[in-house]
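Reader: I'm going through this one at the bench and would like a close look at one stretch of it. Please take it slowly and explain the terms as you go.

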Amino acid sequence: MSIGIGIVGAGMISNFHAKAIADSTNGHLVGCYNRNTERAEEFVAKHGGKVFKTLEDMLADPEIGAVSVCTPSGAHAEPAIQAAEAGKHVMIEKPLEVTQERCDQIIEACKKAGVQLGVTFQSRFHESSRLMKKAVEEGRFGKITMGDAYVKWYRSQEYYDSGAWRGTWKLDGGGALMNQAIHSVDLLLWLMGDVAEVSAMASTMTHERIEVEDIVVATLKFKNGALGVIEATTTTYPGALKRIEIGGSEGSAILEEEDLTQWQFANETDEDEAIRKRMAGMTETGGGAADPAAIGHHGHTAVFNDFLDAITEGRAPQINGDEGRRSVALINAIYESARTGKTVQL
């Protein structure tokens, strides 16, 4: 049976959620609620469904079994908690929220209500990402010594000026790291495991009228002993594909968006050459490097399919609330280190 989904928020990312829902195997869009009703009307004119004048109206609709939260990052908790209390399953656009405390409020509300909670970290569902994860789990890297993430993107001043919430601590939760690089932070944690300590520096170098950083560099020590670096910026014109690098005593791999540009191991298998060829040209868009809308929705579709299957099967989604919280905790530790000039233990 198809599960009806209501979208809260009619900003840019809501369009990708609507397309993903349309392509999902067992979900359908019921409608949209936005504080500015005119924006919601524009949304349904494009994607179908009906306009809800209030969130309460949406949550009272018996056709809706799940709610997709696409509000600004620091405004996720309120609609998510309301939806959970109304007995609706909850999908949230990244990040889960902007502080661990607000993440915990959402997680607790969903647990108390007995509803599923999912977070859209769609990069985990790309085939290339899963190949790297499999190689890690099989020990093909030997002793892993380094894990790095690089997000050298470009955002114009007009981008930050386009919404009053952009570039604010309260609603954006941070800058290049929390908004743009969080997908790579999530992937790095998924592949490498948790971080033990971090030291960082951050600055606002080329953008005006924003409270947050447009460049940050952090050095990491993972709990498994490996070291690493996270670099994130929105000041590097014209922007490059995000990159994850993993290296160890017996192998190394480099992931650029969905492409595996390096895949080398001391003990080669018959499949490795085929992987190198197949994964060399997987990226079909700019990956959001310069244009936040220049991404595909296939990753979101995979996230929604898993989320909807989880509801049907009575299990947690692969990227549940606890998984969504991990990147927020690391990012806030990086911000604390940059602010205090001290190494922060996690």
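In which loop, between which strands, is the place of Arg209?

Author: Arg209 sits in the loop between strand S8 (195–203) and strand S9 (215–222). Before going on, some ground rules: this is a predicted model, where local features need pLDDT of at least 70 and side-chain atom pairs count only at pLDDT 80 or more, while totals for chains, interfaces and linings use all residues. Residues are numbered from 1 along each chain as its sequence is written, and side-chain values use heavy atoms, with hydrogens and water left out. As for the labels, helices (H or I, at least four residues) and strands (E, at least two) are DSSP runs, numbered from the N terminus.

Back to that loop. Arg209 is a residue other than glycine, yet its phi is positive, near 60°. Arg209 is exposed, at a relative accessible area of 59%; here buried means under 20%, exposed over 50%, and partly exposed in between, using a 1.4 Å probe and protein chains only.

The two strands around the loop, S8 and S9, run antiparallel and are joined by eight bridges. One of the residues involved is Ala202, whose bridge partner in S9 is Val216. Two strands count as paired if DSSP finds at least two bridges between them. In general, the strands of a sheet pair through backbone hydrogen bonds, either parallel or antiparallel.

Zooming out, S8 and S9 belong to an open sheet of eight strands with mixed pairing, in the order S13-S12-S11-S7-S10-S9-S8-S14. S13 and strand S14 (344–345) are the edges, and each has a single partner strand, so one side of each has no neighbour in the sheet. Helix H6 (residues 127–137) packs on this sheet, touching strand S7 (144–152), S11, S12 and S13, and its direction makes about 20° with that of S13. Helix H12 (residues 321–340) lies across S8, S9, S10 and S14, at about 55° to S8. Contact here means heavy atoms within 4.5 Å. The axes are lines fitted to C-alpha atoms, for helices over the stretch in contact, and angles run from 0 to 180 degrees between N-to-C directions.

Other loops of this sheet deserve a look too. Glu257, in the loop between strand S12 (251–256) and strand S13 (259–265), also has a positive phi, about 55°, although it is not a glycine. Unlike the exposed Arg209, Glu257 is buried, with a relative accessible area of 10%. In the loop between strand S10 (227–233) and strand S11 (243–248) you'll find Pro238; the peptide bond leading to it from Tyr237 is cis, with omega near 0°.

Tyr237 brings us to the rings. Six aromatic pairs turn up in a search of the whole structure. Tyr154 and Tyr237 make an edge-to-face one, at 5.1 Å centre to centre and 90° between the planes. That pair links distant parts of the chain, 83 residues apart: Tyr154 is in the loop between S7 and helix H7 (157–161), and Tyr237 is in the loop between S10 and S11. Tyr154 is partly exposed at 26% relative accessible area, whereas Tyr237 is exposed at 65%. Tyr159 and Tyr160 have ring centres 5.0 Å apart and planes at 80°, so this pair is edge-to-face as well. Both of those tyrosines, Tyr159 and Tyr160, are buried. For the cut-offs, rings of Phe, Tyr and Trp (its six-membered ring) pair if their centres lie within 6.5 Å; planes under 30 degrees apart are stacked, over 60 edge-to-face, and the rest tilted.

There is a ring cluster as well: ring pairs link Phe141, Trp263 and Phe265. Over the ring of Phe265 sits the charged end of Arg140, 4.1 Å from the centre. A charge counts as over a ring if NZ of Lys or CZ of Arg is within 6 Å of the ring centre and within 35 degrees of the ring normal. Elsewhere, Lys19 lies over the face of Phe16, at 5.5 Å from the ring centre.

For contrast, there is another open sheet, with six strands in the order S3-S2-S1-S4-S5-S6 and parallel pairing. Its twist averages 30° from one strand to the next.
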